[in-house]
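Colleague: Could you pick one part of this model and take me through it closely, in plain words? I'd like to follow along on my screen.

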Amino acid sequence: MTEKKTRTDIKMIRSAVKFHGHLGPFLVLGLRMGLAAVQTLRPHGLHDLSATVWSSRNPPQSCAIDGIQFSSGCTLGKGNIRVRSSPMLRASFRTRKKSIIVKPTEKINRMLSTLPKNETQARLRARSIRISKIPDKDLITVTGSHQPQ
Ligand SMILES: [Zn+2]
């Protein structure tokens, strides 16, 4: 569990890239959003966590959906994730006891919305790795933990 709190480890990124097909900033952001949910909610077993993701349906933003599926275990195949169209990326995660909203910080939103369209693959990878090293507090906000009825 060392370093898990603020960093996405390189092994997880590699596996996620195999699943998703390429490395990009939104994939990494999605990984971190899902990880934060698991760390905050500490679900009991495979079926205790479910998610709703609001995202654009188009890459690059929608790449985050794969990151979230990969790190949270909430997947389309298991039926414990729903995706809603929205230009603003965010996700809610629920266990039987708690629910939270996870979203990127304003700073990260600004950074990602100004990505050059014709970024080279090498630069995109470098940017993704940089994002993977940003501490949670600067990358995402987690709010709204509460006990549902
Ligand atoms: Zn992608």
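Modeller: Sure, let's begin where some helices meet: the buried residues of helix 5 pack against helix 1 (10-20) and helix 2. Before going on, bear in mind that this is a predicted model: local features need pLDDT of at least 70, side-chain atom pairs count only at pLDDT 80 or more, and totals for chains, interfaces and linings use all residues. Residues are numbered from 1 along each chain as its sequence is written.

Some vocabulary, too. Helices (H or I, at least four residues) and strands (E, at least two) are DSSP runs, numbered from the N terminus. Buried means that 20 or more other C-beta atoms lie within 10 Å of a residue's own, exposed means 12 or fewer, and partly exposed is in between, with C-beta atoms placed from the backbone. Packing here rests on contacts, that is, C-beta atoms, placed from the backbone, within 7 Å of each other.

Now for helix 5 itself, residues 121-132. Its buried residues are Ser 128, Ile 131 and Ser 132. They sit on the same side of helix 5, because they cover an arc of only 100 degrees around the axis (the arc is that of the directions from the helix axis to the C-beta atoms). Turn to the other side of helix 5 and you'll find Ala 122, Arg 123 and Arg 130 exposed. As for length, the twelve residues of helix 5 should span 16 Å at 1.5 Å a residue, and its end C-alpha atoms are 16 Å apart, so the two agree. That expected span is 1.5 Å times one less than the number of residues.

One of its packing partners, helix 2 (25-41), passes the length check as well: its 17 residues should span 24 Å, and the end C-alpha atoms are 24 Å apart, which agrees. Helix 2 is mostly covered, with 14 of its 17 residues buried.

Follow the chain on from helix 2 and you get to Arg 42, in the loop between helix 2 and strand 1. Arg 42 isn't a glycine, yet has a positive phi of about 40 degrees. Arg 42 is also exposed, because it has 12 other C-beta atoms within 10 Å.

So, to recap the helix 5 picture: Ser 128, Ile 131 and Ser 132 are buried, Ala 122, Arg 123 and Arg 130 are exposed on the other side, and the buried residues pack against helix 1 and helix 2.

Key
Contact = placed C-beta atoms within 7 Å.
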